[in-house]
Amino acid sequence: MGLRFGKVAAYAVLIFATLNLFQIRGEIPTTLDEPFDPVTVPLDKSFRGNAIDLPDSDPRVKRTVLGFHPEQISVSLSSTFDSVWISWITGDFQIGENVKPLNPKTVASVVHYGKLRFPMTHKANGESLVYSQLYPFEGLQNYTSGIIHHVRITGLEPSTLYYYRCGDPSIQAMSDIYYFKTMPISSPKSYPSRIAVIGDLGLTYNSSSTIEHLRRNKPDLILLVGDVCYANLYLTNGTGSDCYSCSFSDTPIHETFQPRWDYWGRFMQPLISKVPIMMVQGNHEHEEQAENKTFVSYSSRFAFPSKESGSSSKFYYSFNAGGIHFIVLGGYVAYNRSDDQYKWLEKDLANVDREVTPWLVATWHPPWYTTYKAHYRESECMKVAMEDLMYQYRVDIVFNGHVHAYERSNRVYNYSIDPCGPVYIAIGDGGNREKMAISHADDPDSCPEPSTTPDAIMGGFCAFNFTAGPASGKFCWDQQPDYSAYRESSFGHGILEVKNETHALWTWHRNQDMYNRIGDQIYVVRQPERCPVQSEVIEFWGEQNLKNVPSSVSSD
C-alpha cells in the first residue's frame, strides 16, 4: 500500500512540475524564461494507440472517380503570396510484372479559378508526367502511376479566397469546385493565423486521429516534415510489416508497395485540396529501384517552389508565408560546404530581409538535437556542416521529424544553451505504423554504440565524444541534457501562431487528449537587438572535423 502511494505521489509531483512549466504565474512561459529545467513526461502505458495501417478496403482510400476525372487533389505554395500550385492525378495506376505507362500528353492540365464560384474567369495551364517504380528482379511487381498534373497559378492577391476546378475540359473531365486562401503579403505585420506542423504521418488509424485533431485547429498552412505514407514498409505484393528489415531481410532490394501513395493522396484530399501543404524529404521516401533511382515518387507527386526560390533541386527550397521565411532542406542530399545545397542555403539566407520577413524558420527531416535513443546523433555530419551558418543568420525555429516522439529544446547552439540559438522542435509523432520512440540515450544502459549511429543514406561519421560540459568524455549524457526542455512519447501535431515580429506561440496537441487540451505550449520570442545577424560565418568546428563530412549523399 505504501509503495503504491509513493508511486502516485511521485507521479503527482511530476504532473505539478509539468503544469508549472506550462503556466508561470498564470501566464504562458516564453523563451525569455529559459533555460527551463528538463521535463520528461513518462509514457502513458494505458494509451496503446492504433498504429495499424488503413486497409485498401477503407472507403477513405478507395478511388471514387471514373476515367480521367481528377483525384488526389492538393494545393501547395509557390515562393511568394501571389502564386500557388495545384496538383492532381488522372487515370488509375497499374501494378504487375508488365506495366505500360499512360501517355501524359493525352490529358490536358488545366485549372479554372476566380474569386467567385461562377463564373471562374481565369485559366492556367500546366505540365504532366507519369513515373514508374521498377524492380529488375523476377517475381517483383512493377508500378506505373496515373497521370500527375502540376499547374502554377500566378497573379493572385494576398489573403484572398479563390475557387477552382482542375482537369481537362476538352474531355469533360473536370473536378468539383474547391477553394484555397492565399498567404498574407510579406511584411512584419501580417502572418497566417495558424500553421500546422506534422511529421512521420503514415496512413494508420492513429494518422487519421492526428489529421482529425489538426482539422479542428483550422490551419492556414500545413508543414509535413518528412516520411509521408511509408510505402517502403511493404513488399510489392502488398504484404506489410512494422519493421521491414526484421520481416523481409532476404529481399534482393528494398521493395515498396506504391499504391500506398495513392491511398494517402485520396485520404488527404479533403484537407489538402483546400489547405496548402508543403513537403519535406524524409528517409522513407528514398525508395530505391532500377538504375539506382531514388525519391522518384516523392519528386513526382508533389509540386515544389524550387525554381521560384533559386534552387536546382526539389529537395531544398524556400518560401514566404506572410512575415515568415521558411527554408526547407534535404537531409538526404549532399550538404557539405562545397555542395550545391550549402551554396544555395548560404545565398538564400543572405537574401532574407528581416525588415520584411522577421521570422526565419528552417525544417528538414533528421533532427540535430534529439535525446531519444532512436536516431541519436545520426545527422551529426549535417549539423557539423550547417549549424554555424544557421546560427550566423539567427534562425528562430527548426522543425524536424524522424524520431517518433515529441521533443522541444531550449535555445541551443553546439549542444550548449545559447539565447541566440534556434528552438529545435522534433515532431515525428504523426502516428505511422513503426514503433514509437520511448527509450532515451541518457537512460541507464541505453547509450548507443557510436559506430551504430550513422545513417546509411546520409553517410559519414562525425559524432564523437563530447569534449566539454556535463557529458565531457562521453558519447551520451547521464541525465536529460539541459538543452532538452520537454520530451514525451505520444502521437500528436503542433500549431504555430506568429503574433507579431517578436512573438510566436507554439502549441503541441496530443491525440489522446480532447481537442481543446494542450500538451506543451510556449511563446518563442525573438530578440534582434541582442542577437543581430552576424557578418561572418563562425569557424567553430575547424577544418579537421569538416574532413569527416561526406562530400556527397544523394543525387537529385
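Reader: Where is the place of Pro219?

Author: Happy to start there. Pro219 sits in the loop between helix 2 (205-216) and strand 15 (221-224). Helices (H or I, at least four residues) and strands (E, at least two) are DSSP runs, numbered from the N terminus. Before we go on, two notes on the source. This is a predicted model, in which local features need pLDDT of at least 70 and side-chain atom pairs count only at pLDDT 80 or more, while totals for chains, interfaces and linings use all residues. Residues are numbered from 1 along each chain as its sequence is written, and side-chain values use heavy atoms, with hydrogens and water left out.

Reader: Thanks! Is Pro219 buried or exposed?

Author: Buried means under 20% relative accessible area, exposed over 50%, and partly exposed in between (1.4 Å probe, protein chains only). Pro219 has a relative accessible area of 9%, so Pro219 is buried. Leaving aside neighbours within four places in sequence, Pro219 is in contact (heavy atoms within 4.5 Å) with Arg194, Ala196, Leu214 and Val275.

Reader: Now to the empty spaces. How much space lies in the largest pocket?

Author: The general idea first. Rolling a probe the size of a water molecule over the atoms shows where empty space is left. On a 1 Å grid over the protein atoms alone, a cavity is a set of points where a 1.4 Å probe fits but cannot get out, and a pocket is an open set with protein on both sides within 12 Å along at least five of seven lines; lining residues have an atom within 4 Å of a point. Grid points are joined across faces, edges and corners, and a volume is the space filled by probe spheres set on the points. In this model the largest pocket holds about 800 Å³. Its lining has 28 residues, and those closest to its centre are Ser245, Asn283, His284, His375 and Glu434. By class, the lining of the largest pocket has ten nonpolar, nine polar and nine charged residues. Here Ala, Val, Leu, Ile, Met, Phe, Trp, Tyr, Cys and Pro count as nonpolar, Asp, Glu, Lys and Arg as charged, and the others, Gly among them, as polar.

Reader: And the closed spaces: how many cavities of 30 Å³ or more does the structure hold?

Author: Five. The largest cavity has about 130 Å³ of space, and its lining divides into seven nonpolar, four polar and one charged residue. Helix 4 (259-272) is one of the elements that supply at least two lining residues; its share, four residues, is the largest. The second largest cavity has about 70 Å³ of space. Among its 16 lining residues, Arg377, Glu378, Glu380, Cys381 and Gly460 lie nearest its centre.

Reader: Let's turn to charges. How many salt bridges does the count come to?

Author: Side chains of opposite charge can pair when their charged atoms come close. A salt bridge is a side-chain nitrogen of Lys or Arg within 4 Å of a carboxyl oxygen of Asp or Glu. By this rule the count is 24. One of them joins Arg433 and Asp242, at 2.9 Å from N to O. This pair links distant parts of the chain, 191 residues apart. Arg433 is buried at 16% relative accessible area, whereas Asp242 is partly exposed at 37%. Both residues belong to a salt-bridge network with Asp53 and Arg260.

Reader: Which residue forms a salt bridge with Asp396?

Author: That is Arg526, with the closest N and O atoms 3.4 Å apart. Asp396 lies in the loop between helix 7 and strand 20 (397-400), and Arg526 in the loop between strand 28 and helix 8 (542-546), so the pair ties together parts that are 130 residues apart in sequence. Asp396 is buried at 5%, and Arg526 counts as buried at 11%.

Reader: Last topic, the sheets. In what sense do strand 26 and strand 27 pair?

Author: Strands of a sheet pair through backbone hydrogen bonds, either parallel or antiparallel. Two strands pair if DSSP finds at least two bridges between them. Strand 26 (residues 492-498) and strand 27 are antiparallel over seven bridges, and they form a hairpin with four residues between them. His493 stands opposite His509 in strand 27. On to strand 28 (residues 520-525): six bridges join strand 27 to strand 28, again antiparallel, with Trp508 opposite Asp520. Strand 27 (residues 503-510) is mostly covered, with seven of its eight residues buried.
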